[in-house]
Structures are given as structure tokens and as C-alpha cells.
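Welcome! Please take a moment to look over the structure below, and then read on for a short tour of some side chains and their partners.

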Amino acid sequence: MSRRTRWVVRQGHCQGRMKQEKAPEADAFAAAIAAEIPRLRRFARVLARQADVADDLVQETLVRAIAARGQFQEGTNLRAWLFTILRHARAAAVRRAARSPMVHPESLPDAPVSGGQEERQAMHDVANAYRRLSAIHREALWVVVVEGLDYADAARVLGVPAGTLRSRLSRAREQLRRSLGLDPLPRSQMEEE
């Protein structure tokens, strides 16, 4: 074996060992991201309101997260980091869509609800009341109530101070109560929220 051949074989062996050393860390990161996909899909569905658009947003989020792997700081909340990427991807998609002459399905009226069960109608009423909330209130309510992020992480995801997040949550809850015809909470209970 020539000197050059031995060097190439040795280099290949070293590089193979380096790949093996990095593989468990990369696998752990990929597994952690994979575990968050259901939550990403739910949050994307809230933002996009359509399953196919939401799936595209999740895919874009995963591509961006993998590409930006080096920017993730170990020990921080991966879900919050991914939600932030998802919101940025959604904002970019909205900007692109604004430049498009096409009519977006989001602007079309909702289809009527079929069936007569009271529970289904109640859920429809809640969903309609939720849709009538402003975007900032919908997002705040979703990341805290549905996704279960604590106030600090949710505030980071939304890019606002924690006090602003609490204010948005309180207003969103109160607006939902009014939209559903429920009695407003007494002032003392509103402050506890």
C-alpha cells in the first residue's frame, strides 16, 4: 500500500469515528424535534386554519430548525424555540401571500355545521368565538392554554414581555366569555388569571 493510500484510509477512519461521535447527539436532537411534531401541527393549525397549509408550515419549521441546529442553546426550551421558528415561517408565508393575486381560502366563509348534537354546536360556538379573537389574543391563548407553555416561555415565543402576555390572556378569556354569552368574572377572579 502506498503512502498516499495509507493516509486516505487513515483519514477516512478518523472521519468515520468523528461521525460516530456526533451521531448520538444529532439523533437525540432529531428525536426531541420529532417528539414536538404533534404540538407543532396543532399550533400551525391555529395559525393557518387549514390542515394542508399547517402541514407545510410544520415542514418549513422542521427544515429551518435542522438548518439552525447550531443556534439552539442546550438547556433552553426546545418547544418554545420551535414555536418561534413556526411563527416566523408563518409570517414569511403571510408576506408572500400578500404579494400574490390569488384569493386565500382563509378569507372564504366557513361551511355550515351539520348535525344537531348540543355538544357539537357548543364546540362550534367556542371555535367561532375563538376565531373572532384578534390574532395576538388567539396566539397567546393557544400557547398557554392548549400547548401548556409557562408564561415566561410563551412570552418568549410571542416576543412580548410576560406582563403583556398576561394582559392578552385576560382580555382573550374575557372576550370569549362575552362572545359565548357567559357572565363576566368578578374583578377579583380576573386578577387571579
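This briefing looks at aromatic rings and then at charged side chains. Keep in mind that this is a predicted model. The structure holds five aromatic pairs, and the count of salt bridges comes to 10.

**Aromatic rings**

- One of the five aromatic pairs joins Tyr-130 and Trp-142, whose ring centres are 6.3 Å apart with 55° between the planes, making the pair tilted.
- Tyr-130 belongs to helix 4 (residues 118-132) and Trp-142 to helix 5 (residues 135-146), so this pair ties together parts that are 12 residues apart in sequence.
- Tyr-130 is buried, as its relative accessible area is 16%, and Trp-142 counts as buried at 16% relative accessibility.
- You can also find one aromatic cluster formed by Phe-29, Phe-72 and Trp-81.
- Phe-29 has a charged partner too: the charged end of Arg-69 sits over the ring of Phe-29, 4.1 Å from the ring's centre.

**Salt bridges within helices**

- Side chains of opposite charge can pair when their charged atoms come close.
- In helix 1 (residues 3-48), Glu-36 and Arg-39 are three residues apart, so about one helical turn separates them. Their side chains meet in a salt bridge, at 3.9 Å from N to O.
- Glu-36 is buried at 11% relative accessibility, whereas Arg-39 is partly exposed at 26%.
- In helix 2 (residues 51-67), Arg-64 and Glu-60 are four residues apart, so they too are separated by about one helical turn. The closest N and O atoms of their salt bridge are 2.9 Å apart.
- Arg-64 counts as partly exposed, at 31% relative accessibility, and Glu-60 is partly exposed at 34%.
- In helix 7 (residues 162-179), Arg-178 and Glu-174 are four residues apart, which means about one helical turn lies between them. These two form a salt bridge whose closest N and O atoms are 4.0 Å apart.
- Arg-178 is exposed, with a relative accessible area of 54%, but Glu-174 is buried, with 10%.

**A network of charges**

- Which residues are linked with Glu-36 in a network of salt bridges? They are Arg-39 and Arg-79.
- When you look for this network in the structure, you can start from the Glu-36 and Arg-39 salt bridge and then look for Arg-79, which is part of the network.

Definitions and conventions:
Residues are numbered from 1 along each chain as its sequence is written. This is a predicted model: local features need pLDDT of at least 70, side-chain atom pairs count only at pLDDT 80 or more; totals for chains, interfaces and linings use all residues. Side-chain values use heavy atoms; hydrogens and water are left out. Rings of Phe, Tyr and Trp (its six-membered ring) pair if their centres lie within 6.5 Å; planes under 30 degrees apart count as stacked, over 60 as edge-to-face and the rest as tilted. Helices (H or I, at least four residues) and strands (E, at least two) are DSSP runs, numbered from the N terminus. Buried means under 20% relative accessible area, exposed over 50%, partly exposed in between (1.4 Å probe, protein chains only). A charge sits over a ring if NZ of Lys or CZ of Arg is within 6 Å of the ring centre and within 35 degrees of the ring normal.
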